[in-house]
Amino acid sequence: MDEKNSLTEQFQANRPRLRAVAYRMLGSTAEVDDAVQEAWLRLGRTDAAAVDNLGGWLTTVIARICLDILRSRKSRREEPMGPHVPEPIADNPSEREAEMADSVGAALLVVLETLAPAERLAFVLHDMFAVPFEEIAPIVGRTPAAARQLASRARRRVQGAPPAPDPDLGRQRGIVEAFLAASRNGDFEGLLAVLAPDVVVRADQAAQRLGSLPVIRGAAAVAESFKGRAQAAKTALVDGEIGVAVILGGALRVVLRVTIAGDRIAAIDATAEPAAIEALDVEVLDRT
């Protein structure tokens with residue numbers, strides 16, 4: 001009983017921070033309550049004694065829960081009701097709700113709502129709660145450098161500046177466009193020039209059903225596989241990183257995440273599962 005009481009006390013001590021994170025992520029007091037309750041339930045299913053930093057663990061958990069909610073919300077945005085609008089604090093707010101409203105503001109919530117889920121999470125956790133990018137990266141499934149880019153893109157939007165091209169993203173875009181051009185033209189040597197010797201291509205089950213092999217390893221094998229293809233492929237930003245969108249019949253059918261090391265492509269991950277694609281923020285860059 002003492003152990004349970006202690007855990008409850010620790011959770012209650014962290015509750016204000018969890019609510020603050022969730023409100024900035026979701027802008028909805030009802031969803032905040034649901035997210036915090038889910039965090040409590042997950043804590044109950046975890047061996048808390050094995051958690052070194054409970055506050056950090058809870059912040060990660062609430063961030064993951066909010067990211068799932070945002071992605072689910074994004075997948076419903078084509079419904080007739082339209083996009084989610086941040087909810088104001090109630091007419092008779094509690095002291096904590098009033099504090100949240102004062103510290104965020106409706107205008108900022110509206111701007112945050114324009115961000116992709118991964119951008120919003122990176123910005124909120126890092127810029128508002130000083131969470132290191134090394135801790136943000138695994139939540140959004142990115143490297144720390146990529147998480148930093150997500151926060152940077154979000155910061156520019158919040159500050160009202162037009163998204164400026166990131167120099168590194170520009171270099172990576174050139175590599176991917178060279179890869180796609182070589183693929184379309186059936187240029188085997190051109191493909192080899194932009195592929196790392198140990199490059200690996202992985203495909204999810206949906207992509208395999210479209211004809212992709214589960215795994216292809218080595219520059220020669222990958223170049224042979226892509227030679228003469230990519231006719232429907234376009235460069236794109238995938239959750240803020242350079243990738244490829246395959247458009248067929250006017251619909252996004254396949255997304256390629258591209259990992260670049262130096263000036264070569266080191267890995268390609270193909271996603272064709274519709275639910276997985278819906279959870280991604282994909283912005284086509286090549287409109288031709």
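This passage looks at the nonpolar cores, the sheet and one strand residue of a predicted model. Local features need pLDDT of at least 70 and side-chain atom pairs count only at pLDDT 80 or more, while totals for chains, interfaces and linings use all residues. Numbering starts from 1 along each chain as its sequence is written, and side-chain values use heavy atoms, with hydrogens and water left out.

The largest nonpolar core (buried Ala, Val, Leu, Ile, Met, Phe, Trp, Tyr and Cys residues joined through side-chain atoms within 4.5 Å; buried means under 20% relative accessible area, 1.4 Å probe, protein chains only) has 45 residues. Met25, Ala35, Ile62, Leu121, Leu125 and Ile136 touch the most other members. Helices (DSSP runs of H or I, at least four residues; strands are E, at least two) H1, H2, H3, H5, H6, H7 and H8 each supply at least two residues, and H3 gives the most, with 10. A second, separate core of 33 residues includes Leu237, Leu256, Val258 and Ala270.

Then there is the sheet: open, seven strands, mixed pairing, in the order E2-E1-E6-E5-E4-E3-E7. Pairing takes at least two DSSP bridges between two strands. E2 (215–217) and E7 (282–284) sit at the edges with a single partner strand each, so one side of each is left without a neighbour in the sheet. E4 (241–248) and E5 (251–261) run antiparallel, joined by six bridges; Val244 has Leu256 of E5 as its bridge partner.

Thr271 belongs to strand E6 (264–271) and, at 15% relative accessibility, counts as buried. Beyond its neighbours within four places in sequence, Thr271 is in contact (heavy atoms within 4.5 Å) with Asp204, Arg253, Val254, Val255, Ala276 and Ile277.

Key: Buried means under 20% relative accessible area, exposed over 50%, partly exposed in between (1.4 Å probe, protein chains only).
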